[in-house]
Amino acid sequence: MFLKFKREVLKMLNVDERYVKESDHADLACTVAFKLAKEQKRSPQEIAEEIVAGLEPRDYVGCIEVVNGYINFFVSEEFLEDTINLILDEDYDYGSPKIKGEVLIEHTSANPDGPLHIGHIRNSIIGDTLTRIMKKAGLNVRTQYYVNDMGRQIAITALGYKRFGIDRTKKPDHAIVEAYIKMNKELEENPELEKEVEDLMIRYERGDEEAIKLFKDVVELALEGIKETLRKLNVQHDEFVWESEFVRNGYVDRILKMLDEKGLLKKDGAWIIDLSDLGYEKEVVVRRENGTTLYVTRDLAYHLWKNENFERFINVLGADHKLVGRQLQDILRLLGLKPPEIVFFEFVSLPEGSMSTRKGKFISADELIEKVYEEAKKIVEGREELKEEEKEHIARAVAIGALRFDFVKIAPEKPMVFDWRKALDFERQTASYIQYSHARCCSILRKAVESGMPDLDFRGDLCTPLERKLVVLLSKFSYVVLRVVNELKPNVFADYLLKVANAFNDFYRDHPVLKAESELRMHRLAIVDATRIVLRNGLELLGIEPLERM
RNA sequence: GGACCCGUAGCCUAGCUUGGAUAGGGCGUGGGCCUCCUAAGCCCAAGGUCGCGGGUUCAAAUCCCGCCGGGUCCGCCA
């Protein structure tokens with residue numbers, strides 16, 4: 001709805017979109033008078049007044065005013081009424097800007113050599129939230145986890161698995177990482193074992209059956225555990241795509257042929273791409289002297305496949321992939337292919353330094369989930385009216401919500417230092433604050449039904465300033481969804497939902513709903529129900545369960 | 001050495017792409033609010049050289065240059 005209002009304002013003014021912004025002083029504010037002031041050598045105020053003199057409020061534009069050179073626009077009562085009615089009418093479907101397209105999102109893609117740690121889940125949560133928001137926008141989204149099954153670390157894990165076996169009583173990813181850590185230690189002490197690792201990698205790439213069986217066992221065990229963790233976090237993938245597939249299905253050969261035909265390959269024993277013209281110091285090797293391929297080769301092949309099947313493809317990658325990510329994009333461009341859009345996120349580190357799976361220096365996602373759950377359980381215990389089963393369910397939802405929200409609310413480019421004290425703190429400004437606001441809405445509506453007068457009828461003319469502010473916020477849902485789709489910043493949506501919850505609590509404070517009489521009661525019930533729908537749909541987009549009581 | 005990212009009150013963070021109206025929030029601190037729709041809530045107060053120095057501009061947290069501090073990356077590894 002807010003998108004419609006913005007379009008009307010833009011049409012009225014007939015100026016470039018960048019001069020019209022959201023503002024604390026108005027629903028939309030225009031700064032074009034400042035720009036014109038310079039050219040025309042007149043005061044912004046004067047110009048703004050002149051512009052406004054030719055404008056007449058109509059439809060969704062209820063009021064136009066000039067202050068200090070700004071042209072301020074306010075929505076009309078009709079806008080407020082249409083907003084609430086649209087929300088109540090569309091219900092679960094509310095909030096979509098209704099755009100179209102085919103999108104692939106690749107995220108998480110952690111090496112299958114152990115459990116996901118708290119750095120990996122930053123990737124998962126950003127990727128999954130982006131997926132949910134893009135689906136909401138109307139796009140057809142497919143998600144993939146790219147399984148690096150051909151890497152050195154998998155060969156090391158496989159060798160460790162073969163030599164020492166694993167503890168079958170443990171969650172499989174946690175059992176696998178023990179073999180990985182142990183084998184790494186072994187390698188440090190006996191460097192001559194390197195040869196075995198290399199042999200194993202070559203045999204796997206060449207299709208040796210025994211090697212394939214071994215790698216498959218190891219990778220599947222790790223993935224089994226990883227999938228369970230992702231399930232707990234409400235993170236969903238449509239497919240797990242194995243890197244080795246691209247060697248076996250011919251895409252690797254095709255991409256090498258394309259590179260060759262474009263004259264990009266320097267064959268000097270190894271096959272090399274020289275990117276110095278683009279400012280890269282080092283050359284990129286895509287085929288070793290021994291004929292085997294490298295990670296980047298298979299990744300190029302993967303992106304050739306993406307080009308053939310999608311209009312838009314997005315990768316969520318850690319900051320350590322920035323250089324290789326940009327090289328990948330540039331090579332694809334040189335081939336005349338579309339490069340992926342990449343969302344880079346900075347590292348999650350521990351107070352004592354960065355994490356390392358190899359050294360066993362990490363906090364696993366499973367451990368974090370359990371600890372946060374225990375903490376949430378303590379708080380829920382205080383609610384005597386709830387049944388034990390319900391308490392556990394609520395604690396689970398609150399824990400996962402807090403966890404997801406903590407990661408998604410921070411802009412991806414910010415480095416994070418993990419802090420147990422903060423992770424286990426359920427104070428406001430987190431998911432539980434939003435869940436709580438949603439539960440409050442539900443509670444009011446439940447009571448309205450019990451007392452037999454649940455009729456809803458929103459009236460623009462009855463709106464107080466706080467109600468007006470809340471409804472304008474509710475109208476921005478699809479506007480914010482569209483922003484996230486364009487800018488790939490899921491934290492913007494988290495921030496939006498927090499603002500809605502905040503505005504609702506302001507409203508809740510001094511607008512009695514159930515005690516109000518007749519038309520005022522119906523009016524406010526409509527606002528509560530619309531807020532409930534927005535909070536519920538919004539929490540859904542963040543992968544957080546909207547609880548009806550807590 | 002080169003490249004990229006971050007630097008906003010004691011702590012965390014929004015705003016920076018597209019420069020404009022008193023720099024929003026939260027935690028923590030001090031004070032207040034449950035005969036009233038869930039106090040996982042609300043209100044009030046104190047707390048800021050927007051890392052530092054230049055520049056562009058009528059206007060800079062936002063753009064440009066330099067510096068400082070932190071992180072990351074620069075393998076015929078992934």
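In this predicted model, a polar backbone atom of Met-550 lies 3.0 Å from a base nitrogen of RNA strand B. A base nitrogen of the strand is also 3.0 Å from an N or O atom in the side chain of Ser-23. For Lys-515, the partner is a sugar or linking oxygen of RNA strand B, which is 3.1 Å from an N or O atom of the lysine side chain. Two or more residues of the surface near RNA strand B are given by each of the elements α2 (32–40), β4 (70–75), α6 (152–164), α12 (295–309), α13 (322–334), α15 (388–408), α17 (431–450) and α20 (491–510). Of these, α17 provides the largest share, seven residues.

Around RNA strand B there are 65 residues, and those that come nearest are Tyr-70, Lys-282, Arg-288, Lys-414 and Tyr-436. On the side of the RNA, sugar and phosphate make up 69% of the strand atoms that come within 4 Å of the protein. Sorted by class, the protein surface near the strand consists of 28 charged, 25 nonpolar and 12 polar residues.

The domain assignment divides chain A into domain 1 (2–75), domain 2 (107–349) and domain 3 (365–541). Domain 1 and domain 3 have C-alpha centres that lie 33 Å apart. Seven residues from domain 1 and seven residues from domain 3 take part in the contact between them.

The second largest pocket lies between domain 1 and domain 3, because both give residues to its lining. This pocket has a volume of about 620 Å³. Its lining is formed by 23 residues, and Glu-22, Ser-23, Leu-473, Lys-476 and Lys-499 are the ones nearest its centre. Ser-23 thus appears here as well as in the polar contact to a base nitrogen of RNA strand B described above. At least two lining residues each are supplied by α18 (465–475), α19 (477–487) and α20. The largest share of this lining, seven residues, comes from α20, a helix that also gives two or more residues to the surface near RNA strand B. By class, the lining of the second largest pocket holds 10 nonpolar, 10 charged and three polar residues.

The largest pocket contains about 980 Å³ of space. It is lined by 36 residues, with Ala-110, Asn-111, His-120, Asp-320 and His-321 closest to its centre. The elements α5 (120–136), α6, α12 and β11 (312–318) each contribute at least two residues to the lining. Among the elements, β11 gives the most, with three residues. Both α6 and α12 are also listed among the elements that give two or more residues to the surface near RNA strand B. The lining of the largest pocket is made up of 15 polar, 12 nonpolar and nine charged residues.

Note on methods:
Residues numbered from 1 in each chain as written. Chains lettered and ligands numbered in written order. Predicted model: local features only at pLDDT ≥ 70, side-chain atom pairs only at ≥ 80, totals over all residues. Heavy atoms only, no water. Near = heavy atom within 4 Å. Polar contact = N/O pair within 3.5 Å; in protein donor to acceptor, adjacent residues only side chain to side chain. Helix = DSSP H or I, 4+ residues; strand = E, 2+ residues; numbered from the N terminus. Nonpolar A, V, L, I, M, F, W, Y, C, P; charged D, E, K, R; others polar. 1 Å grid on protein atoms, 1.4 Å probe; cavity = no way out; pocket = protein on both sides within 12 Å on 5 of 7 lines; lining within 4 Å. Points joined across faces, edges and corners; volume = space filled by probe spheres on them. Domains from an automatic or database assignment. Contact = heavy atoms within 4.5 Å.
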